[in-house]
Amino acid sequence: MSQRKLTFGQTLREARIARGHTLRGFAAAVGVSPTYLSQVEQDNVDPPTAERVRTMADLLGATPDEWIALAGRLPEDLPDIIRKQPTAMPELLRAASGLTPRQLAELVDRARALRDERRGGGKA
Amino acid sequence: MTLDVPFLRDDRIEAAAALLWTEFGRGFGSPVAPPMPVDQLLELHLRLDFEIRDLQAELGLPDVHGAIWVQDRRVAVDRHLDPELRPAARGRYHFTVAHEIGHWQLHRHLFGDAGGRTPDFVGQGRGRSRVEIQADRFAASLLMPLPMLVHAWTEIHGEHPRRSGRWRGWQPGPAEGLAFSRPLAELFEVSAAAMRYRLEGCGLLPRARPA
């Protein structure tokens with residue numbers, strides 16, 4: 001069975017309608033003109049900035065990072081994170097590339113635990 | 001596209017518009033005060049796709065306001081009417097959305113299964129065929145429902161229009177008719193010209209004497 005792959009604009013329109021937002025109302029909430037939003041939904045222009053996509057995802061109860069990826073953008077905080085550890089971070093990303101979603105979730109949990117340990121001074 | 005459509009009495013068009021608001025009210029709550037939520041009606045109740053496009057360039061028509069593709073369930077309004085970019089066009093925007101809803105409600109059965117790039121109806125500022133006049137009348141009824149209009153008229157003028165003697169014998173010129181219509185037009189978010197035409201049609205304003 002083939003699954004229809006939706007563009008960013010199609011996904012946005014479907015989610016907007018499903019959540020009961022009109023084009024005009026949603027454009028006002030996001031802070032853009034209805035004309036621009038309609039152009040985005042028709043895929044006539046590039047998707048908005050990551051910051052704006054995050055606002056859209058928040059309003060639609062969606063996962064911002066997923067939507068930012070669908071828009072072909074990078075989350076705003078990533079460039080800074082990489083710049084702070086320019087060797088280790090790309091290495092980590094390359095090493096994690098190709099892991100299954102379950103393995104990635106485990107890795108994220110482990111990374112969070114390590115970070116919490118460091119912040120808490122190593123107490124259990 | 002010009003279609004030869006059967007005659008429809010004004011009261012039938014009025015009733016069709018009122019029924020549509022009743023149906024809308026079951027899912028979204030009945031509108032109790034103007035302006036009427038035609039965007040919600042089109043997108044969320046009728047589930048028609050809605051776009052703002054450069055129709056004038058795409059269709060090569062200088063004064064096109066809106067269009068509908070019946071089989072695609074798609075309505076477009078020209079970008080020159082975007083009410084956020086051009087607040088002065090807000091009334092025309094609402095009327096265009098309501099006009100295309102009029103085609104959907106009154107005329108969609110006239111089309112077969114063939115979709116396509118060419119819209120089935122193109123709403124322009126001039127050239128009024130019967131099919132366009134019917135959609136205009138539907139739009140006026142949808143945006144300015146008579147009971148709400150009478151209520152607003154009464155609020156503004158402090159008396160019921162049918163019981164008032166103040167206006168008897170008054171013959172406004174075109175400018176006076178527009179000035180009289182403007183407060184109501186602002187309330188219903190339509191143009192003063194559309195309001196004047198509606199008030200005249202409902203007997204709430206004497207027809208303007210020719211200039």
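**Notebook: salt bridges, backbone and surface**

I began with A:Arg83, which counts as exposed because its relative accessibility is 59%, above the 50% cut-off for that class. I note at the outset that this is a predicted model, and that every entry below is a reading of that prediction.

**Entry 1. The partner of A:Arg83**

I looked for the partner of A:Arg83 and found a salt bridge with A:Asp80, with 3.4 Å between the closest N and O atoms. I then asked why about one helical turn separates A:Asp80 and A:Arg83. Both belong to helix α6 of chain A (residues 78-84) and they stand three residues apart, so the separation is about one helical turn. I classed A:Asp80 as partly exposed, because its relative accessibility is 42% and the class lies between 20% and 50%.

**Entry 2. Confidence**

I recorded the scores of the model as ipTM 0.87 and pTM 0.85. For chain B I noted a mean pLDDT of 89, with 90% of the residues at 70 or more. I then compared the elements of chain B: the highest mean pLDDT, 98, belongs to helix α2 (residues 38-45), and the lowest, 67, to strand β4 (residues 121-124). I add a caution for my own reading: where pLDDT is low, the predicted coordinates should not be read in detail.

**Entry 3. Salt bridges over all chains**

I searched the whole structure and obtained 21 salt bridges over all chains. Which residue of chain A meets the side chain of B:Glu43 in a salt bridge? I found A:Arg16, at an N to O distance of 2.9 Å. The pair joins two chains, because B:Glu43 lies in helix α2 of chain B and A:Arg16 in helix α1 of chain A (residues 8-18). Are B:Glu43 and A:Arg16 buried or exposed? I found both residues buried.

I next took a pair within chain B. B:Glu51 and B:Arg74 form a salt bridge, their closest N and O atoms lying 3.2 Å apart. This contact links distant parts of the chain: 23 residues separate B:Glu51 in strand β1 (residues 49-53) from B:Arg74 in strand β3 (residues 74-78). I list B:Glu51 and B:Arg74 as buried.

I then asked which residues are linked with these in a network of salt bridges. From chain A, I recorded A:Arg13, A:Arg16 and A:Glu41. From chain B, I recorded B:Glu43, B:Glu51, B:Arg53, B:Glu58, B:Asp72 and B:Arg74. Both bridges of this entry therefore have their residues in that network.

**Entry 4. Backbone of chain B**

I checked the peptide bonds and found a cis bond joining B:Pro34 and B:Pro35, with omega at about 0°. I placed B:Pro35 in the loop between α1 (10-28) and α2 of chain B.

I then looked up positive phi values outside glycine. B:Arg47 has such a value, with phi near 60°, and I located it in the loop between α2 and β1 of chain B. B:Arg47 counts as partly exposed, because its relative accessibility is 47%. B:Arg73 also has a positive phi, near 50°, and sits in the loop between β2 (64-69) and β3 of chain B. I classed B:Arg73 as partly exposed on the basis of its 35% relative accessibility.

I looked up B:Ala89 as well, which I found in the loop between β3 and α4 (90-107) of chain B. B:Ala89 is buried, because its relative accessible area is 7%, under the 20% limit. I took its C-alpha to C-alpha distance to B:Leu8 and obtained 29 Å, for a sequence separation of 81 residues.

**Entry 5. Surface patches of chain A**

I asked which residues gather in a patch of positive charge on the surface. They are A:Arg112, A:Arg115, A:Arg118 and A:Arg119. I placed A:Arg115 in helix α8 of chain A (residues 101-119). With a relative accessibility of 39%, A:Arg115 counts as partly exposed.

I also recorded a nonpolar surface patch of about 290 Å², to which A:Leu92, A:Leu99, A:Leu104 and A:Leu107 contribute. I located A:Leu99 in the loop between α7 (88-96) and α8 of chain A. A:Leu99 counts as partly exposed, because its relative accessibility is 32%.

Key: Residues numbered from 1 in each chain as written. Chains lettered and ligands numbered in written order. Predicted model: local features only at pLDDT ≥ 70, side-chain atom pairs only at ≥ 80, totals over all residues. Heavy atoms only, no water. Patch = residues over 30% accessible without salt bridge, like charges linked within 9 Å, V, L, I, M, F, W, Y side chains within 5 Å. Areas by Shrake-Rupley, 256 points an atom, 1.4 Å probe, with all protein chains shown as cover. Salt bridge = Lys/Arg side-chain N within 4 Å of Asp/Glu carboxyl O. Lys, Arg positive; Asp, Glu negative; His and termini not counted. Charge placed at Lys NZ, Arg CZ, Asp CG, Glu CD. Helix = DSSP H or I, 4+ residues; strand = E, 2+ residues; numbered from the N terminus. Buried < 20%, exposed > 50% of the residue type's maximum accessible area, 1.4 Å probe, protein only. pLDDT = per-residue confidence, 0-100.
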